[in-house]
Amino acid sequence: MHKMNIILGILSVLIAAFLFYEGVAVRTGVSHRYVVDDKLFNGKAYLREFIQPTQPEIQSIAKGLKRATPEDTVIATYNWLEDNYHYATDNIKVYNGKKLAFIGNDDTWNLPTLTLAEKKQGTMYIDCEDGTFLLTSLLRANGINAWANIGTVKIEEKIYGHAWVTVYLNGERYLLETTLGEPLKTFQPVPDIYSAEFTFNESVVRAKIGADVNKKIDPLPPAKIPELRKILNNGN
C-alpha cells in the first residue's frame, strides 16, 4: 500500500506539472500545438498573432465604426464586414506587378490587414477564418470583448472545420457568424452545432485538452452556407 501511495504521489506531481506547462503554454504561445504551420504564406505564426487590434489601419477603420453603445458598435462593424462579402474557399494569389509572387495552399489564413486590403478593393471572396480574424480585431480595437474561435460546425450530421466570432455583451455570450453575407438580424447565443477547439484573442488562447490547430479537417464548403443560414434564421 505504501508503495502504491508513492506511485500515486509521483503521478500526481507529473500530472500537475504537465497541466502547469500547458497553462503557461496557452498564455505565452510557446507550445507547438498553438503554432499555426504552413497557413500564413507557408510560414509559421502563433495563433494569437492573427488578432491585431493595435495595428494602425485596423484602429483607423474601427474608429469610424464606433457607435454610442457596444451593441451598436458590434452591429455597425459586422454589417460593414458583411457588405459585399462572399464566402469562398482559399485560392489566394499574390502578384508583384504582373509576376506571380505567391500561391496560397488549400487553407491559407490571412492576417487581418490582408483581408482589409481585399475589402478595400471591392467585393471580398474569403473564407471563415479570414473574416473571423478581421472582425475580432476590429471589435477589440473598440474595446469590445470579442474572441475568435477555431473548431467545427455540424450540419446534417456532417462535421466541418470552421471559424467564428463570439462576443460578450451585458454578461451574455453571442455568436457572430461571418460567412452569411447579410446584415446582423439579432444577437443569438452560440448554437450547439458549433464546437470550439480554440478560443483566443491577441494575448490569450483557451484550448481543449489535446486540441491541435494544425489538424486536417474538411472546411465548411460554400454550398452549405444556405443551410447554415437557414439554421441560424430558425428555418426561415
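This section describes the secondary structure of a predicted model, with attention to one sheet and the helices that pack on it.

The chain has 236 residues, of which 44% count as buried. Its secondary structure comprises 6 helices and 11 strands. Contacts between residues at least 6 apart in sequence were also examined; 62% of them join residues at least 24 apart.

Five of the strands belong to one sheet. This sheet is open, its 5 strands are ordered S9-S8-S7-S10-S11, and the pairing is antiparallel. Strand S9 (172-176) and S11 are the edge strands, each of them pairing on one side only. Averaged over the sheet and with direction ignored, neighbouring strands are turned by 35° against each other.

At one end of this order, strand S8 (residues 158-169) is joined to S9 by 5 bridges, and the two strands run antiparallel. Two of the residue pairs can be named. Leu169 has Glu172 in S9 as its bridge partner, and Val165 stands opposite Leu176 in S9. The two strands form a hairpin with 2 residues between them. Asn170 lies in this loop between S8 and S9, and its phi is near 55°, a positive value in a residue other than glycine. The relative accessible area of Asn170 is 71%, over the cut-off of 50%, so Asn170 counts as exposed.

A second residue with a positive phi is located in the loop between S7 and S8, where Glu157 is found. Glu157 is not a glycine, yet its phi is positive, at about 70°. With a relative accessible area of 67%, Glu157 is also exposed.

Strand S7 (residues 145-155) is joined to strand S10 (residues 194-200) by 6 bridges, again in an antiparallel arrangement. Within this pairing, Gly151 has Ala196 in S10 as its bridge partner. From S10 the sheet continues to strand S11 (residues 205-207), with 3 bridges between these antiparallel strands. Thr199 stands opposite Arg206 in S11. The connection from S10 to S11 is a hairpin through 4 residues. In a regular strand, side chains alternate between the two faces of the sheet.

Beyond the edge strand S11, Gly210 is found in the loop between S11 and H6. Gly210 is exposed, its relative accessible area being 57%. Although Gly210 and Glu197 are 13 residues apart along the chain, their C-alpha atoms are separated by 9.1 Å.

Two helices pack on the sheet, and their contacts are considered next, starting again from the pair S8 and S9, which is joined by 5 bridges. Helix H3 (residues 70-82) packs on the sheet and touches S8 and S9; the direction of H3 makes about 140° with that of S8. Helix H6 (residues 225-232) also packs on the sheet, touching S7, S8, S9 and S10, and the direction of H6 makes about 115° with that of S7.

H3 is in contact with helix H5 as well. The axes of H3 and H5 come within 10 Å and cross at roughly 145°. This crossing of H3 and H5 is right-handed. On the H3 side, the residues of the contact are Thr73, Val74, Thr77, Tyr78, Trp80 and Leu81, and they meet Gly131, Leu134, Leu135, Leu138 and Leu139 in H5. By class, the contact of H3 with H5 has 8 nonpolar residues, 3 polar residues and no charged residues.

Helix H5 (residues 128-141) has 14 residues, which at 1.5 Å a residue should span 20 Å. The end C-alpha atoms of H5 are 20 Å apart, which agrees with this expectation. Burial was also assessed for this helix. A residue is buried when its relative accessible area is under 20%. By this criterion 13 of the 14 residues of H5 are buried, so H5 is largely enclosed by the rest of the structure. Just after H5, Gly143 takes a positive phi of about 80°.

Methods: Residues numbered from 1 in each chain as written. Heavy atoms only, no water. Pairing = 2+ DSSP bridges. Expected span 1.5 Å × (residues − 1). Buried < 20%, exposed > 50% of the residue type's maximum accessible area, 1.4 Å probe, protein only. Axes fitted to C-alpha atoms, helices over the stretch in contact; angles between N-to-C directions. Contact = heavy atoms within 4.5 Å. Left-handed = near helix turned anticlockwise from the far one by under 90°. Nonpolar A, V, L, I, M, F, W, Y, C, P; charged D, E, K, R; others polar.
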